[in-house]
Amino acid sequence: MNKNTKEYFMSEAIRLAKGNVLSGNGGPFGAVIVLNNEIISTGVNEVTSSNDPTAHAEVVAIRNACKKLNSFQLDDCEIYSSCEPCPMCLGAIYWARPKKLYFACTKADAAHIGFDDSFIYEEISSHFDKRTIPSENIFRTEGLEAFKAWEIKEDKIEY
């Protein structure tokens, strides 16, 4: 298989996902980040092996790519994921600003094997005081002081 094709890059993400299952290091998820037809970063699900609920394959790959590129944005990159990203990963992907996302399995496929994120999508769209995890808005006025400081800061790096 040609190493400069989307099929190759996706097969690498899937290979990582399968390998992760076989190694026992985490769930069946893998991701690669590509820049100029070259894999610059990979990630696998490390939630259980690192005791980090945010260590999903896409997040791990984004962290690795950003560190390698010394940038908090992945403007010219493409992300290949073995599965349609969960809400957290999708948020991280949007913040990283890649030019394209490819995925193999769908969120319905993931739900079928026990990785159902539909409740999180529902929680996000609910008002904070109606969510399953009790949430309370406190000290808003004091919190806004940091926002005001950011708003007037002249040498900020916007993102």
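Select Ser82 first, together with the residues that it touches beyond four places away in sequence, namely Ala13, Ile14, Ala17, Pro28, Phe29, Gly30, Ala104 and Cys105, where a contact means heavy atoms within 4.5 Å. Ser82 lies in strand 3, residues 77-83, and helices (H or I, at least four residues) and strands (E, at least two) are DSSP runs numbered from the N terminus. With a relative accessibility of 5%, Ser82 counts as buried, a word that stands for under 20% relative accessible area, while exposed stands for over 50% and partly exposed for what is in between, with a 1.4 Å probe and protein chains only.

Before going on, keep in mind that this is a predicted model, in which local features need pLDDT of at least 70 and side-chain atom pairs count only at pLDDT 80 or more, whereas totals for chains, interfaces and linings use all residues. Residues are numbered from 1 along each chain as its sequence is written, and side-chain values use heavy atoms, with hydrogens and water left out.

Now zoom out to the whole chain, where you can find seven helices and four strands, which run α-β-β-α-α-β-α-β-α-α-α from the N terminus on. The C-alpha trace spans about 55 × 40 × 25 Å along its principal axes, and 31% of the 159 residues count as buried.

Next, select Ile62 in helix 3, residues 57-69, which counts as buried because its relative accessibility is 9%. Leaving aside residues up to four places away in sequence, Ile62 touches Ile33, Leu74, Ile79, Ala92, Ile93 and Ala96. If you draw a distance between the C-alpha atoms of Ile62 and Leu74, which are twelve residues apart along the chain, you should find 8.2 Å.

Which residues touch the most other members of the largest nonpolar core? In this core of 17 residues they are Ile33, Ile40, Ile62, Ala65, Leu74, Cys77 and Ile79, and a nonpolar core is a set of buried Ala, Val, Leu, Ile, Met, Phe, Trp, Tyr and Cys residues joined through side-chain atoms within 4.5 Å. Strand 1 (30-35), helix 3, strand 3 and helix 4 each give two or more residues to this core, and the largest share, five residues, comes from helix 3. A second, separate core has ten residues, including Ala13, Leu16, Val44 and Tyr80. In soluble globular proteins, nonpolar side chains tend to be buried together.

Move on to helix 4, residues 87-96, and color its buried residues, which are Pro87, Cys89, Ile93 and Ala96. The elements that cover these buried residues include helix 3, strand 3, strand 4 (100-105) and helix 6 (118-125). Trp95 also has its place in helix 4, but Trp95 is exposed, with a relative accessible area of 56%. Just after helix 4 comes Arg97, whose phi is positive, near 60°.

Finally, show the cysteine sulfurs, and ask how many disulfides there are. The count comes to zero, as a disulfide is a pair of cysteine sulfur atoms within 2.5 Å. For Cys89, the closest cysteine sulfur is that of Cys86, which is 3.7 Å away and therefore too far for a bond. For Cys77, the closest cysteine sulfur belongs to Cys66, and at 8.1 Å this is too far for a bond as well. Cys77 counts as buried at 1% relative accessibility, and Cys89 counts as buried at 0%.
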